[in-house]
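Q: Could we go through a structure together, feature by feature, so that I learn how each kind of description is to be read?

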Amino acid sequence: MKLKTITLLLCFCLTATSAVFAQEAAPAQETPAVDMSVLDHLKEGHPRLMLTDERLAELKELAKTDEDLQHYVEEMFKKADKLLEKKDLEYAPNDRNTILWTSRDCMDRAYTLGLAYRWSGEQKYYDSLIKNLRLVCAFPDWGKKAFLDTAEMTHAVSIGYDWLYNDLSEEDRTLLRESIISMGLDQGLMCYSGEDKRSWWVTCTHNWNMVCNSGMVIGALAVADTDPKLAATIINNALESYPLGLREYGPDGAWPEGPGYWAYATDYVMYGLTAMDTALGTDFGLLDIEGVDQTAYFAIYSVGPIDYPMFFADCGSKGRRKPTSNMFWLAGVYADDFVADYEHKKIDRMDMVTTRHIVWYEPAPSGDFPEPALDKMFRGLVDVAFMRSAWNDRNALFIGIKAGKNTVNHAHLDLGNFELDALGERWSRDLGTDSYSLPGYWSTGEGGQRWTYFRPSSFSHSIPTFDGKNQIRAGVSEMVEFVAGEDNENGEDIPFAKVDLSEAYGDQIDQFIRGAALVADRRAALVQDEIVLNHPTQIDWGMTTDAVIAVDGATATLTQDGKVLHARILEPEGAVFSAESAEQEKPQATNEGVSRLMIHLKDRTGTERIAVLFSPVWPDGEVESWPVTPLQEW
């Protein structure tokens, strides 16, 4: 890019007030100086991003004796060889006018082919990667609609530029560097200045903050030696923006957008902060923000015994949580052997590993580790509590319950929702996201079209509804009490959580407290609702399940893969179950084979209690009943 163009953009970005441009005759004012100190310790030469030559040499030496790392490297080369046969990258916006998947494809190639080349020196990996980098640099843009596309492509090309730098021709260096600037960093400058209509991510607090800032920081560090003023400008702006997103982990490490977007956001925290550390020797204190040090445990606790996470928000549907390299990163930066051990075991159990597990590799710790507590609550914009009967047992009993706000990014109208595992099956499930391309799916205001679709609405979740209405978009709730089993004052191993849902439904009700507990030595689960109604109301209590349901009055027999769980209505007397379909018409997800276990209570007034006991049929029997006591006595 020409120096004149860069200077004009920088001036626009950094001018303290628009008065400089208001009148042509106005006195000239100096552009505020760029704080160049952020580059004081810039690592000389390349590569400087993520995987320095020193780190690569360390990994190669470790791989001589570390069998896990040897296996990971073997898998990386298998993947690299498959990428050699893959179709070249093309500029092909999808029906939402984004090239995000192309950006991610390019990033995957940059890491895998780049590492394969640097590890082996085999020319075929270099040739394939540089060919595709040249192709994306010839694209007309790196995304016009969504800045995610731009940020991820900037990340991808910057890794290729940095890792291949010493073997690139001067022509290719120039091509990649100028593309990073013109199609990546210049666009970021306009966002930081507010000039670009996509600039809202600069002040947002969700995953876009991490992805976009990190993409820009990685690009800036890649070209910081040739374009230091541009790089410093980007980095200074990112350092102001980053904390807005990172604070969402507080205070306990939970991520309000759910486990699916936790992985995406945390990956980009890893990318951005690692790039600063390897290139500048500092993360500028960002790792000290409250909650970041605990977020690995949110990832651990929010996953049930069969590797299904709690699927709240626009999380994927019924997909097992895969190993993620950010767990090695978190284990490394916080010196947490348990987290490293957990990730090694997950990789072994699922026989799945990524290239980035090598870049951020942490050796498996030696010795035994005490298991963490069985029960834990995480507070934040979304409060969540998790209770289980055992770790490392696929058949264990597990329940997760959520509270918080319906206004968080990607939220569904699902406050109070619970998910339940036992006997190696998920019995109460969240259906997850529907297609982002559905008309009006992002019309999220009160009464917006998003809430007419089954999956985001209250009617797909394991919660009650009143008079056939959704929870309100402005709905809020709070985990008002949580007691881990070992902390129960009665001396009994009965963990429980209570959620105040009174403000989740607007004026539909006066008060609503939901309790969830593991009872009978963690052999059964109890969900108990206490509701105060302000007018004659139809209550529709529901639970979503993949199980085949057989109903017999107040008892329902749920069957999956030969496993059996009984649901029993303990209160109110006379209430009965019904089994209904959760299937929908296209273009919505059809939810084929999914059912709803329902309790319908008509014309209810005053105070109502609904208590349902979930009893897995264990090899040695089941829990057939449990005494109902008021929630205030739990």
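A: Let us begin with a pair of residues in one helix, keeping in mind that this is a predicted model. Y264 and Y268 are 4 residues apart in helix 11, and therefore about one helical turn separates them.

Q: How are the rings of Y264 and Y268 arranged, and are these residues buried or exposed?
A: A pair of rings is read from the distance between centres and the angle between planes, where planes over 60 degrees apart count as edge-to-face. For Y264 and Y268 the centres are 5.9 Å apart and the planes stand at 85°, so the pair is edge-to-face. Y264 is buried, and Y268 is buried as well.

Q: Which residues are linked with Y264 and Y268 by ring pairs?
A: Ring pairs can be followed from one residue to the next, and here they link Y111, W163, Y261, Y264, Y268, Y271 and W360 into a cluster. The count of aromatic pairs comes to 33. One of them joins Y117 and Y126, whose ring centres are 5.2 Å apart with planes at 55°, so this pair is tilted; both Y117 and Y126 are buried.

Q: Where do charged groups sit over rings, for instance at W101 and W163?
A: The charged end of R104 sits over the ring of W101, at 4.8 Å from its centre. W163, a member of the ring cluster, has R118 over its face, at 5.1 Å from the ring centre.

Q: What does M276 touch, and is it buried or exposed?
A: Burial is read from relative accessibility, with under 20% counting as buried. M276, which lies in helix 11 (residues 258-280), counts as buried because its relative accessibility is 0%. Leaving out residues up to four places away in sequence, M276 touches V217, L221, L239, Y242, G281, T282, D283, F284 and L286. By contrast with these contacts, M276 and D603 are 61 Å apart in space, C-alpha to C-alpha, and 327 residues apart in sequence.

Q: Which residues of the largest nonpolar core touch the most other members?
A: That core has 136 residues, and M50 and W201 are the ones that touch the most other members. Helix 11 gives the most to this core, with 14 residues. Apart from it lies another core, of 50 residues, including V499, A516, A525 and L565. As for W201, its contacts beyond four places in sequence are F147, C191, Y192, W208, N209, C212, N213, M216 and S241.

Q: How are the buried residues of helix 3 placed around its axis?
A: The way to read this is to list the buried residues and then look down the axis. In helix 3 (residues 53-63) the buried residues are R55, L56, L59 and A63. Seen along the axis of helix 3, they fall within an arc of 100°, so they line one face of the helix. Among the elements that cover them are helix 4 (67-84), helix 5 (100-120) and helix 15 (356-359).

Q: Which strands pair with strand 8, and in what sense?
A: Strands are read through their bridges. Strand 8 (residues 496-500) pairs with strand 7 (residues 478-483) in the antiparallel sense over 5 bridges, and 5 bridges also join strand 8 to strand 9 (residues 511-519), again antiparallel. F496 shows both pairings, being the bridge partner of V483 and standing opposite A517 in strand 9. Strand 8 is mostly covered, with 4 of its 5 residues buried.

Notes. Residues numbered from 1 in each chain as written. Predicted model: local features only at pLDDT ≥ 70, side-chain atom pairs only at ≥ 80, totals over all residues. Heavy atoms only, no water. Helix = DSSP H or I, 4+ residues; strand = E, 2+ residues; numbered from the N terminus. Buried < 20%, exposed > 50% of the residue type's maximum accessible area, 1.4 Å probe, protein only. Contact = heavy atoms within 4.5 Å. Arc of directions from axis to C-beta. Pairing = 2+ DSSP bridges. Core = buried A, V, L, I, M, F, W, Y, C linked by side-chain atoms within 4.5 Å. Phe/Tyr/Trp six-rings, centres within 6.5 Å; stacked < 30°, edge-to-face > 60°. Lys NZ or Arg CZ within 6 Å of the ring centre and 35° of its normal.
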